[in-house]
Amino acid sequence: LTAMGEPSMDPTISSPDSTAQQDSLFSMMDVFLISLITGLFTYWFFFRKKKEDVPDLPKMQSVAAPVRDSSFIEKMKKTGRNIVVFYGSQTGTAEEFANRLSKDAHRYGLRGMAADPEEYDLSDLSRLSEIDKSLAVFCMATYGEGDPTDNAQDFYDWLQEADADLSGLRFAVFGLGNKTYEHFNAMGKYVDKRLEELGAQRIFELGLGDDDGNLEEDFITWREQFWPAVCEHFGVEATGEESSIRQYELVVHTDVNMNKVYTGEMGRLKSYENQKPPFDAKNPFLAQVTENRKLNKGGERHLMHLELDISNSKIRYESGDHVAVYPANDSSLVNQIGEILGTDLDTVMSLNNLDEESNKKHPFPCPTSYRTALTYYLDITNPPRTNVLYELAQYATDAGEQERLRKMASSAAEGKALYLSWVVEARRNILAILQDMPSLRPPIDHLCELLPRLQARYYSIASSSKVHPNSIHICAVTVEYETKTGRLNKGVATNWLKNKVPDQNGSSSLVPMYVRKSQFRLPFKPSTPVIMIGPGTGIAPFIGFIQERAWLKQQGKEVGETVLYYGCRHEQEDYLYCEELARFQQEGVLTQLNVAFSRDQAEKVYVQHLLKKNKENVWKLIDEGMAHIYVCGDARNMARDVQNAFYEIVSEFGSMSQPQAVDYVKKLMTKGRYSLDVWS
C-alpha cells in the first residue's frame, strides 16, 4: 500500500547507487546488532535472578464434579427415600397425582418423593436397584396428538434412543389422557411398554385415566389397587396412619420489604416491571391489548377478537402456533373466600417446604399476599379433587359435614357416587363448598397449600406473522353457565380477556403471554392445496393460514387451492369473520368457502354434511392434488364426525373397504397430511 503523501515507488526496480547505499547500511547494522546481542547476553548471565527451586508437586488429579442435583438416586439415598414418582404434566394434574402418591408412601412404612423428569438424569433408573424396596412410578399425561408434555420430552427422547439394561428396576405407570382424542393415553402406554422392553419389572398394571369421563375416579380406583400390590411385592403392611401431613409451614412476614414480595410474577421477582427476553412459561411477556371487539352480531354468547401487541419482545411465531395466556381469578370470588375464612387477604406470607431437600421450596412464588396467591397462583374455580376434601375434613366442626367430606374422599362406591354428584356434576368450586358447609372453616394457609396452581390457557393463534409480525390475534368465546345449584359459573380466562379494554397505559389492558410451538403447519410448498375444517372458534388458525396464503400470492408465489369448511349456528348471529372471508374469496385466495349454518333450517347441517356433499371434489384434491387436511375445534363430536366423513369419501372414491379407508386416513396423519388442533 502507498502511504499517504509519499510518492509511489516500484520495489522491484533498484539502481546501482541505491544498491551501494544498502550495502553500506547493512554493514553498519550488523555491527550494531552484534553489540546489542552481546550486551544483553552479558546482562542476563551476571544479573539475572536465580531460578527458585520449585517443589515437585504431584500432578493435579481431575477432581470429580460434586454430585449433581440431576442424580435422583443420590438424592433418594441422602434423604432415605425408596419410592420416586415422576410426572409428565402440562396442566398440573399429573404433578398433583404424583404428589399424592409420594405422600401415600408413609402409610406403608415407605418414603416417597415426586420428581420432575426434566430436572434429573433418567439414565440413573438403571441404578435404582441400589436402594432397598425401591420403586419408580410414572404419572404421564399425553399432550396434543399423542405427544409427551413439555417437561417429559427429554425423557421420551431418551426412552426412544436408550439401550439401557433396566432389569433391576421395578415400576408402575398411571397415564392421564382423554378418550375424545385420537391417540388416547399414548404417552402412558409408551412408557409402560418401553420400560418392560428395557428389562424393567412391572409390579402393577398400567392405569389409564380418562379426562373425558372422571379422571379423579379413575386415579382413585387405580391407586386403591396399586398400594396392596406394592405391599405384597415388598412384604410390607399399611401402618394405619391416615393422618394429614402438612408439606409446607406458614411464615407470616410482619416487617417485610415490599420490593421482595411477589405480586403475580410467574418466575423472576419484578419480571413484569423489568422485562427481559426470551419469554416463555416461566417468564411471560406482558402484551398490550390493542383491539378487543365482539365478533357475533346477536345471540346469548360473546365471541371476541383480541389483538396482543408483541413489539420489541423478540417473540416469533408461525401460523398454527398457540398463544398461552396467564389469567387472573375474579376479585369478587377472592374477596368472598377471604370473608368466609375471616382473613386479612393482604397479609404477606410464605409457605416453606418442610422437606429441605426438595427442589420445590414453595407451592407458588413466595413471599406474597393471600390476595395475590388466590388471584394469580391458585385454581379456585374448578371442583376440588378428593384429596383436598380429605385434608379439609378435619376442620369441619359439624360431625355430619366432616363425615360427608371423608365419605366423598373415600374409595367406597357410595363415596365416589356422592363426590361425582355433589362436587363434579354440580360444578362446586371451593367457594361453593365453603358456602354449603357452614362449619368448614380451614386455615387459609392450609387451603392455599392444597389448591392446585392456576394454569395458563392456550388459544390457536388467529393471525399470520408474515402479515402481523408485531401482533398475535386471539379468537375466543366467553364461557358462562348456570350450575345445578343455581350458581353462575364463569370461565376464568375468557371473562378476564373480555374485560381487557385497549387503552394507552395501565395494567387493565396487559396480558401475560408466551408462544407455544405447534406441529399444525401449512405445507412447505405454497402450491399444495389445503382443506381446512373449523367450525365456531375453530376457524382461528385458518384466518392465519388464509392471511399467509394471501401474502404468498402477493409475493408472486404459485398458491394452490385454499378450501375452507366453516360452521356456525346462525348466519345473522355468529358468522365469525364473514367480511374478511368474503374479501379473501373475492381476491381469489380462498378458492372455496363452504359454510354450514346449523340452526337456520329445520334440519341441522354441520361441516361433515358439506364435506359429504362435495365428496367428489374433496377426493380429487386428496388423491390428485395431494392436499393437506386440517381440522380445528371440538374433539368430542366434530373432529370424530369429520374423520368418519373422510373414511366414507375415501372408501367410496378410492374403492376401498372400511378398514382400508381407515388405514389410508391414518397414513395421511402419519405423513403430516391430516393435522388436528382440537380440544374437549
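In the predicted model, helix α5 (residues 186–197) contains both Arg-194 and Glu-197, which stand 3 residues apart, about one turn of the helix. The side chains of these two residues form a salt bridge, with an N to O distance of 3.1 Å. The two partners fall into separate classes of exposure: Arg-194 has a relative accessible area of 14% and is buried, whereas Glu-197, at 47%, is partly exposed. A further salt bridge joins Glu-196 to Arg-202, and the closest N and O atoms of this pair are 3.1 Å apart. Here Glu-196 is partly exposed, with a relative accessible area of 43%, and Arg-202 is likewise partly exposed, with a value of 29%.

A salt bridge between two helices was also identified. Arg-100 pairs with Glu-216, and their closest N and O atoms lie 2.8 Å apart. Arg-100 belongs to helix α3 (residues 93–104) and Glu-216 to helix α6 (residues 215–234), so this pair ties together parts that are 116 residues apart in sequence. Both partners are buried: the relative accessible area is 6% for Arg-100 and 2% for Glu-216. Because buried denotes a relative accessible area under 20%, both values meet the criterion.

Salt bridges also occur in a linked arrangement. Glu-74, Lys-77, Asp-124, Arg-127 and Glu-130 are connected in a network of such bridges. In general, side chains of opposite charge can pair when their charged atoms come close. Across the whole structure, the search returned 42 salt bridges.

Charged residues were also found in a surface patch. Glu-300, Glu-571, Glu-573 and Asp-600 together form a negative patch on the surface. Of these residues, Glu-300 is located in the loop that runs between β9 (285–294) and β10 (303–309). The relative accessible area of Glu-300 is 88%, and this residue is therefore classed as exposed, a term applied to values over 50%.

With regard to the chain as a whole, the secondary structure comprises 20 helices and 23 strands. The protein chain has 680 residues, of which 49% count as buried. Its accessible surface amounts to about 34,000 Å², and carbon and sulfur atoms contribute 50% of that area. Among contacts in the protein chain with a separation of 6 or more, 75% are between residues 24 or more positions apart.

Technical notes:
Residues are numbered from 1 along each chain as its sequence is written. This is a predicted model: local features need pLDDT of at least 70, side-chain atom pairs count only at pLDDT 80 or more; totals for chains, interfaces and linings use all residues. Side-chain values use heavy atoms; hydrogens and water are left out. Patches are made of residues with over 30% relative accessible area and no salt bridge: like charges are joined within 9 Å, nonpolar side chains (Val, Leu, Ile, Met, Phe, Trp, Tyr) within 5 Å. Accessible areas come from the Shrake-Rupley method with a 1.4 Å probe; for residues, only the protein chains shown count as cover. A salt bridge is a side-chain nitrogen of Lys or Arg within 4 Å of a carboxyl oxygen of Asp or Glu. Lys and Arg count as positive and Asp and Glu as negative; His and the chain ends are not counted. The place of a charge is taken as NZ of Lys, CZ of Arg, CG of Asp or CD of Glu. Helices (H or I, at least four residues) and strands (E, at least two) are DSSP runs, numbered from the N terminus. Buried means under 20% relative accessible area, exposed over 50%, partly exposed in between (1.4 Å probe, protein chains only). Contact means heavy atoms within 4.5 Å.
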